[in-house]
Amino acid sequence: MSHARQQIREAVAVTVTGLTATGSNVFQSRVYPVQTDDLPALVVYTTDEEVEDHNGSKTIRNLIVMVEGYAKATADVDDVLDDISEQVETAIYADLSLGG
C-alpha cells in the first residue's frame with residue numbers, strides 16, 4: 001500500500017483531472033517540465049507535513065498539497081488562470097474528504 005501522502009496527492013490529482021479549463025493535463029510532480037503543448041495544465045504536489053502523535057492512540061497529519069495552474073502567456077492569461085482556479089476550487093470543495 002502506498003504512503004498516505006501519495007494517496008492524498010493522487011486523490012487530489014484525480015479530483016482536478018477532466019476540468020473544462022485543463023482537461024487531462026494534470027501532472028503529479030513539482031519538477032514536471034510543463035511543455036507549451038500541454039498548456040493549460042495543473043501540477044499537483046505536496047510540500048510540507050506536520051505530524052501530531054496523540055498519546056500513541058492516533059496520529060494526525062496536516063499535509064499541504066499544492067495545485068499550480070499554468071497557461072500560455074497571452075493578453076488574457078490572468079483571466080485563464082482565474083478560470084482554472086475557480087474550477088479547481090469548485091472540484092475540491094465538492095468533496096473535501098476526496099473520497100476517503
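**Entry 1. A term, and a residue to try it on**

I take contact to mean heavy atoms within 4.5 Å. With that in hand I looked up Leu19 in this predicted model. Setting aside its neighbours within four places in sequence, I found Leu19 in contact with Leu42, Gln87, Val88 and Ala91.

**Entry 2. Overall layout**

I next recorded the secondary structure, which comes to 2 helices and 3 strands. Along the sequence, the elements follow the pattern α-β-β-β-α. I noted that the C-alpha atoms fill a box of roughly 55 × 25 × 20 Å along the principal axes. The protein has 100 residues, and 22% of them count as buried. I also looked at contacts between residues at least 6 apart in sequence: 40% of these join residues at least 24 apart.

**Entry 3. The sheet**

In what order do the strands of the open sheet lie? I read the order as S1-S2-S3, with mixed pairing. S1 and S3 are the edge strands, each pairing on one side only.

I then took the two pairings in turn. S1 and S2 pair in the parallel sense over 2 bridges. Here Val26 has Leu42 in S2 as its bridge partner. S2, residues 41-54, and S3, residues 58-70, pair in the antiparallel sense over 13 bridges. I followed this second pairing through two opposed pairs: Ala41 stands opposite Tyr70 in S3, and Asp53 stands opposite Thr59 in S3.

The hairpin of S2 and S3 has 3 residues between the strands. In this hairpin I noted Asn55, which takes a positive phi near 55°.

**Entry 4. The loop before S2**

I checked the loop between S1 and S2 and found Pro40 there. The peptide bond that joins Leu39 and Pro40 is cis, with omega at about -5°.

**Entry 5. Helix H1**

H1 has 13 residues. From its first C-alpha to its last it reaches 19 Å, close to the 18 Å expected at 1.5 Å a residue. After H1 comes Gly18, whose phi is positive, near 95°.

Which residues of H1 are buried? I listed Arg9, Ala11, Val12, Ala13 and Val16. An α-helix has 3.6 residues a turn, so residues three or four places apart point the same way. I then asked what covers the buried residues of H1. The cover includes strand S1 (26-27), S2, S3 and H2.

**Entry 6. The nonpolar core**

In soluble globular proteins, nonpolar side chains tend to be buried together. I therefore looked up the largest nonpolar core, a set of buried residues joined through side-chain atoms within 4.5 Å. This core has 10 residues: Val12, Ala13, Val16, Leu19, Val26, Leu42, Val44, Ile84, Val88 and Ala91. Helix H1 (4-16), S2 and helix H2 (77-93) each supply at least two residues of it.

Several residues from earlier entries return here. Leu19 belongs to this core, as do Leu42, Val88 and Ala91, and Leu19 is in contact with those three residues. Val26 and Leu42, both in the core, are also bridge partners between S1 and S2.

**Entry 7. The largest pocket**

About 200 Å³ of space lies in the largest pocket. H1 and S3 are the elements that give two or more residues to its lining. The lining has 11 residues, and those nearest the centre of the pocket are Ile8, Val12, Val65, Leu96 and Leu98. Which element gives the most to this lining? H1 does, with 4 residues. I noted Val12 in particular: it is one of the residues nearest the pocket centre, and it is also a member of the largest nonpolar core.

**Entry 8. An exposed residue of H2**

I closed with Asp78, whose place is in helix H2. Is Asp78 buried or exposed? Exposed means over 50% relative accessible area. Asp78 has a relative accessible area of 55%, and therefore counts as exposed. I also compared its position with that of Asn55, the hairpin residue with a positive phi. Asp78 and Asn55 are 23 residues apart along the chain, and their C-alpha atoms are separated by 47 Å.

Technical notes
Residues numbered from 1 in each chain as written. Predicted model: local features only at pLDDT ≥ 70, side-chain atom pairs only at ≥ 80, totals over all residues. Heavy atoms only, no water. Pairing = 2+ DSSP bridges. Buried < 20%, exposed > 50% of the residue type's maximum accessible area, 1.4 Å probe, protein only. Expected span 1.5 Å × (residues − 1). 1 Å grid on protein atoms, 1.4 Å probe; cavity = no way out; pocket = protein on both sides within 12 Å on 5 of 7 lines; lining within 4 Å. Points joined across faces, edges and corners; volume = space filled by probe spheres on them.
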